[in-house]
Amino acid sequence: MEIPAINLKAIVLVHWLLTVWGCMAWLPPSYAWGNFSVLAVGVWAIAQRDSIDAVLMFLIGIAVTILTDIIHFGIYYPLPEGLSEMNRDTFRFSAGMAILGLLLKPVSCFIIYQMYRERGGDYNINFAGFPSVTRNRDAYQSIDQQDQTASSANPFNQARDTKPGAANSY
């Protein structure tokens, strides 16, 4: 399956905008702090294009905010009674944008994981059966097994004396 080439800047921008709109009416400051701090890690991942750690931290942060967003929505969603019509519309817009941001986060996680793999990350996640994280060590050579080549017979690549029985005199 070919994934579309989506820029990390676009992911950060979309989540930033949806977080700003989600914070307009009803979510607590902890929602804003959590999401904006993860987006700051996303800016770090944009700034350091070769950093595997930055993309991995951004991926983990987005995954954690999925859980915290669900908790925030469950606790703070009830609409307070007695709001004016204008405030009710602002609440609906804010709630809709926050929920849309939550729905886009799993898609963003998948795209960020692909970027992590492109940058050289080598954690393989096995989705069949129990979820487990393994490292692919096929590219590594064991230090117990030495290649038996001509250069290994003479590890210091010193020229040997061609005369039999000749001794070096210093």
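## How the calls in this model were made

Analyst: From the N terminus on, the elements of the protein run α-α-α-α-β-β-α. This is a predicted model, in which local features need pLDDT of at least 70 and side-chain atom pairs count only at pLDDT 80 or more, while totals for chains, interfaces and linings use all residues. Residues are numbered from 1 along each chain as its sequence is written, and side-chain values use heavy atoms, with hydrogens and water left out.

User: How many helices and strands are there, and what makes a stretch count as one?

Analyst: The protein has five helices and two strands. A helix is a DSSP run of H or I with at least four residues, a strand is a run of E with at least two, and both are numbered from the N terminus.

User: How do you know that helix 3 has the span it should?

Analyst: The expected span is 1.5 Å times one less than the number of residues. For the 25 residues of helix 3 that gives 36 Å, and the end C-alpha atoms are 36 Å apart, so the two agree.

User: And what does helix 4 reach?

Analyst: Its 34 residues reach 49 Å from first C-alpha to last, close to the expected 50 Å. There is also a kink of about 30° at Lys105, shortly before the proline Pro106. That bend is the angle between axes fitted to the seven residues ending at Lys105 and the seven starting there. Just after helix 4, Gly120 takes a positive phi of about 110°.

User: Why is Tyr116 called buried?

Analyst: Buried means under 20% relative accessible area, exposed means over 50%, and partly exposed lies in between (1.4 Å probe, protein chains only). Tyr116, in helix 4, has 3%, so it counts as buried. Its C-alpha is 8.4 Å from that of Leu59, although the two are 57 residues apart in sequence. Across the 170 residues of the protein, 28% count as buried.

User: What about His72: buried or exposed?

Analyst: His72 comes out at 11% and is therefore buried. It lies in helix 3, where the buried residues also include Phe58, Leu59, Asp69 and Phe73. Helix 1, helix 2 and helix 4 are among what covers the buried residues of helix 3. Not counting residues up to four places away in sequence, His72 touches Leu27, Pro28, Ser30, Tyr31 and Tyr77, where a contact means heavy atoms within 4.5 Å.

User: What makes Ala25 partly exposed?

Analyst: Ala25 has a relative accessible area of 41%, so it is partly exposed. You will find Ala25 in the loop between helix 1 and helix 2. Leaving out residues up to four places away in sequence, it touches Thr90, Phe91 and Ser94. Ala25 is also 8.1 Å from Asn87, C-alpha to C-alpha, with their positions 62 residues apart in sequence. Asn87 lies in helix 4 and, at 39%, is likewise called partly exposed.

User: Which residues have the most contacts inside the largest nonpolar core, and what makes a set of residues such a core?

Analyst: A nonpolar core is a set of buried Ala, Val, Leu, Ile, Met, Phe, Trp, Tyr and Cys residues joined through side-chain atoms within 4.5 Å. The largest has 26 residues, and those with the most contacts inside it are Trp26, Phe58, Phe73 and Ile112. Helix 1 (8-22), helix 2 (29-47), helix 3 (52-76) and helix 4 (85-118) each supply at least two of its residues. Helix 4 gives the most, with 10 residues. Apart from residues up to four places away in sequence, Trp26 touches Phe73, Tyr76, Tyr77, Phe91, Ser94, Ala95 and Ala98.

User: How many disulfides are there, and how do you know?

Analyst: A disulfide here is a pair of cysteine sulfur atoms within 2.5 Å, and by that rule the count is zero. As for individual cysteines, Cys23 at 24% is partly exposed, whereas Cys109 at 12% is buried.

User: Which residues does UniProt list as "transmembrane region"?

Analyst: The unreviewed UniProt entry lists residues 30-47, 54-79 and 91-113. Its positions follow the numbering used here, feature names are shortened, and annotations may be inferred rather than shown by experiment. In the model, residues 30-47 are 100% helix and 0% strand, with end C-alpha atoms 26 Å apart. Residues 91-113 are also 100% helix and 0% strand, and their end C-alpha atoms lie 33 Å apart.
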